[in-house]
Amino acid sequence: MTPLIRIQREDFSLQDEIDALAAGRADIGAVVSFIGLCRDEAGTLAALELEHYPGMAEAEIGRVAAEAAARWPLIGLVAIHRYGLIRPGEQIVLVLAASVHRRAAFEAADFMMDYLKTRAPFWKREHRADGTLGGWVEAKADDDDAAERWNR
């Protein structure tokens with residue numbers, strides 16, 4: 001199983017990605033999906049700007065996806081992350097994990113999202129609704145705490 005990793009400016013379709021993952025497969029018993037959306041931060045956010053280093057980001061996410069594939073019996077794993085200006089309500093990230101049984105798919109998807117939220121090589125800057133440019137967003141301690149459980 002080779003994980004599919006894409007970093008792209010354009011949006012994605014959940015159904016198209018599930019269809020591609022499951023095409024011609026009768027051995028998949030579960031597909032778990034997670035889609036992260038840009039929220040408006042109580043009306044203060046006009047957009048979130050996401051930047052990355054092409055090549056490096058894909059390689060690093062691929063390394064973590066390979067770790068997920070080693071930890072759980074996966075049939076397929078997809079991670080798509082967008083970059084550029086993302087407006088509130090728009091999709092930012094998609095993780096799909098496919099396995100024979102649901103538990104492995106749930107855990108692998110959760111593991112991937114904890115990594116993408118805390119350590120993936122993306123930089124986020126807020127564009128505020130009042131027209132000002134915010135600073136670069138720091139990782140949150142709660143997200144770091146959630147990800148730490150995978151190291152136990």
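**Figure 1. A network of salt bridges joins D110, D114 and R149 in this predicted model**. Two acidic positions, D110 and D114, are linked here with R149 through salt bridges. Side chains of opposite charge can pair when their charged atoms come close. Across the structure, the count of salt bridges comes to 10, and several of the individual pairs are taken up in the next two views.

**Figure 2. E17 and R6 form a salt bridge between helix α1 and strand β1**. The side chains of these two residues meet with a nitrogen-to-oxygen distance of 2.7 Å. The pair links distant parts of the chain, since E17 belongs to helix α1 (residues 14-22) while R6 belongs to strand β1 (residues 4-8), and the two are 11 residues apart. E17 is buried, with a relative accessible area of 10%, whereas R6 is partly exposed, with a relative accessible area of 26%.

**Figure 3. Two further salt bridges are shown, D11 with R82 and R25 with D27**. In the pair of D11 and R82, the closest N and O atoms are 3.9 Å apart. D11 lies in the loop between β1 and α1 and R82 lies in strand β4 (residues 74-82), so this salt bridge ties together parts that are 71 residues apart in sequence. D11 counts as partly exposed at 44% relative accessibility, while R82 is buried with a relative accessible area of 7%. In the pair of R25 and D27, the side chains meet at 2.6 Å, N to O. R25 is partly exposed at 39% relative accessibility, and D27 is likewise partly exposed, with a relative accessible area of 36%.

**Figure 4. S99 is a buried residue of strand β6 with a backbone oxygen beside its side chain**. Strand β6 covers residues 91-99 and includes S99, whose relative accessible area is 2%; S99 counts as buried because this value is under 20%. A polar atom of the S99 side chain lies 2.6 Å from the backbone oxygen of P73. Leaving aside residues up to four places away in sequence, S99 touches I28, G29 and A30, then P73, L74 and I75, and also A104 and A105.

**Figure 5. I35 of strand β2 is shown with its contacts and with M113**. I35 lies in strand β2, which runs over residues 30-37, and counts as partly exposed at 26% relative accessibility. Apart from residues up to four places away in sequence, I35 touches F12, L14, Q91, V93 and L94. I35 and M113 are 78 residues apart in sequence, yet their C-alpha atoms are 9.6 Å apart in space.

**Figure 6. E41 and A42 have positive phi values in the loop between β2 and β3**. Phi of E41 is near 50 degrees, a positive value in a residue other than glycine, and phi of A42, also a residue other than glycine, is near 60 degrees. Both E41 and A42 are placed in the loop that joins these two strands. E41 is partly exposed, with a relative accessible area of 33%, whereas A42 is exposed, with a relative accessible area of 80%.

**Figure 7. H52 of strand β3 is buried and touches residues from several parts of the sequence**. H52 is found in strand β3 and has a relative accessible area of 12%, which places H52 among the buried residues. Not counting residues up to four places away in sequence, H52 touches I7, A57, E58, Y83, P121, F122 and W123.

**Figure 8. Y53, M56, W123 and W136 make a nonpolar surface patch**. The patch formed by these four residues has an area of about 450 Å². One of the contributors, W136, lies in strand β8 (residues 133-136) and is partly exposed, with a relative accessible area of 41%.

**Figure 9. The whole protein chain, with four helices and eight strands, gives the setting for the close-up views**. Read along the sequence, these elements follow the pattern β-α-β-β-α-β-β-β-α-β-β-α. The radius of gyration is 16 Å, close to the 15 Å that the globule rule gives for 152 residues, so the protein chain is as compact as a globular protein of that length. The C-alpha trace spans about 50 × 35 × 30 Å along its principal axes, and buried residues make up 40% of the 152 residues. Among contacts with a separation of 6 or more, 76% are accounted for by residues 24 or more positions apart.

Terms used
Residues numbered from 1 in each chain as written. Predicted model: local features only at pLDDT ≥ 70, side-chain atom pairs only at ≥ 80, totals over all residues. Heavy atoms only, no water. Patch = residues over 30% accessible without salt bridge, like charges linked within 9 Å, V, L, I, M, F, W, Y side chains within 5 Å. Areas by Shrake-Rupley, 256 points an atom, 1.4 Å probe, with all protein chains shown as cover. Buried < 20%, exposed > 50% of the residue type's maximum accessible area, 1.4 Å probe, protein only. Rg over C-alpha atoms; globule rule 2.2 N^0.38 Å. Contact = heavy atoms within 4.5 Å. Polar contact = N/O pair within 3.5 Å; in protein donor to acceptor, adjacent residues only side chain to side chain.
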